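Please read the following explanation alongside the sequence and the model, taking one region at a time.

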Amino acid sequence: MSWKLKFLKKSVWVFHVNTGACNNCDIEVVDLLTPKFDVERFGIKLVGSPRHADALLVTGVVTKQALPRLIEVYRQTPKPCVVFAIGACACGTGIFQRGYHVAGPVDKVIKEEDPNAIIAYVPGCPPKPEAMISGVVKALSVL
Amino acid sequence: MDIHELNAKLESLKDKLISIDKTTDKRIYLTCESANSFDLCRFLYEDTDCRFVIATVIDSDNYFEILYHFAYDQLGLVITVKSLIRDKDKPSTESIATFLPAAEWIEREMHDVAGIEFKNHPDMRRLILADDWPDGVYPLRKEFKK
């Protein structure tokens, strides 16, 4: 394991990106950060800029309008970073599969920009905060 | 104003309407040609105490339908003006946003997704489609294929 990855895992700061979600996943992400679930015990903290982030929490299917913005946010995130696709839409477009505004699921879009990107999936509609904690902790343990 | 007064008022509009349909106690549909929709909406908004809720557009087989939904809260009624635009190639109608600013954005949205031209609209910029969406392609029309 490279020393960069080792330090990435110690306390993950996350940046929350909504690329076209219905807001349901976002509500659950905000739930996750409340004292009830208290993810700061794992060192997970929400930050206000992708430049400070170790991980991106991407919710929602990537719309054509959001595509260049997501790529820009990904470019600004220091590497190595982990991209978490949160929810059914982000994992595989979900019910928006044939929508006219859809650019693709998060993994496809990010892989086009950076083929070596680390992507983790938390499916669900919306995923429970417990599922997100489990997903984040599991993803960090296999890095 | 009770239901009888409202009915009398609606009866007085009969020459502008194709039909008045009362599907339930709470729902009235006023079907009209698109040329009369402006006057009808203006009447509902200014001469009765109706409140504008939303407008919707449907791409039907032979015409576009624009449905202006008005709520009459004292009686719990929803009155819908169903305006038929028969020109399918260049659909256009009078904008009601000139006297009803709340309709401005929904008309912009209908223009985006169905290509309805709203005459005299104060600000007909793109609202919901992506910035690089091609002009003249309307995603919620029936002929649209991804």
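**A helix and a pocket**

Just beyond helix H3 of chain B, Gly115(B) adopts a positive phi of about 75°. The model in which this appears is a predicted one, and the helix that precedes Gly115(B) is a useful place to begin.

Helix H3 of chain B covers residues 104-114, and because nine of its eleven residues are buried, the helix is largely enclosed by the rest of the structure. The buried residues of H3(B) are Glu104(B), Ile106(B), Glu107(B), Arg108(B), Met110(B), His111(B), Asp112(B), Val113(B) and Ala114(B). They pack against three elements of chain B, namely strand E3 (51-59), strand E4 (64-72) and strand E7 (117-119).

One residue of this helix, His111(B), can be followed in greater detail. Its relative accessibility is 17%, and His111(B) therefore counts as buried, since the cut-off for that class is under 20%. When neighbours within four places in sequence are left aside, His111(B) is in contact with Ile116(B), Glu117(B), Phe118(B), Met124(B) and Tyr138(B).

From the helix we turn to the largest pocket, which holds about 160 Å³ of space. Its lining is made up of 15 residues, and those that lie nearest the centre of the pocket are Cys22(A), Ala88(A), Cys89(A), Phe96(A) and Cys125(A). Two helices of chain A, helix H2 (24-32) and helix H4 (88-92), each supply at least two residues of this lining. Sorted by class, the lining of the largest pocket comprises nine nonpolar and six polar residues, with no charged residues.

How values were computed. Residues are numbered from 1 along each chain as its sequence is written. Chains are lettered from A and ligands numbered from 1 in the order in which they are written. This is a predicted model: local features need pLDDT of at least 70, side-chain atom pairs count only at pLDDT 80 or more; totals for chains, interfaces and linings use all residues. Side-chain values use heavy atoms; hydrogens and water are left out. Buried means under 20% relative accessible area, exposed over 50%, partly exposed in between (1.4 Å probe, protein chains only). Helices (H or I, at least four residues) and strands (E, at least two) are DSSP runs, numbered from the N terminus. Contact means heavy atoms within 4.5 Å. On a 1 Å grid over the protein atoms alone, a cavity is a set of points where a 1.4 Å probe fits but cannot get out, and a pocket is an open set with protein on both sides within 12 Å along at least five of seven lines; lining residues have an atom within 4 Å of a point. Grid points are joined across faces, edges and corners, and a volume is the space filled by probe spheres set on the points. Ala, Val, Leu, Ile, Met, Phe, Trp, Tyr, Cys and Pro count as nonpolar, Asp, Glu, Lys and Arg as charged, and the others, Gly among them, as polar.
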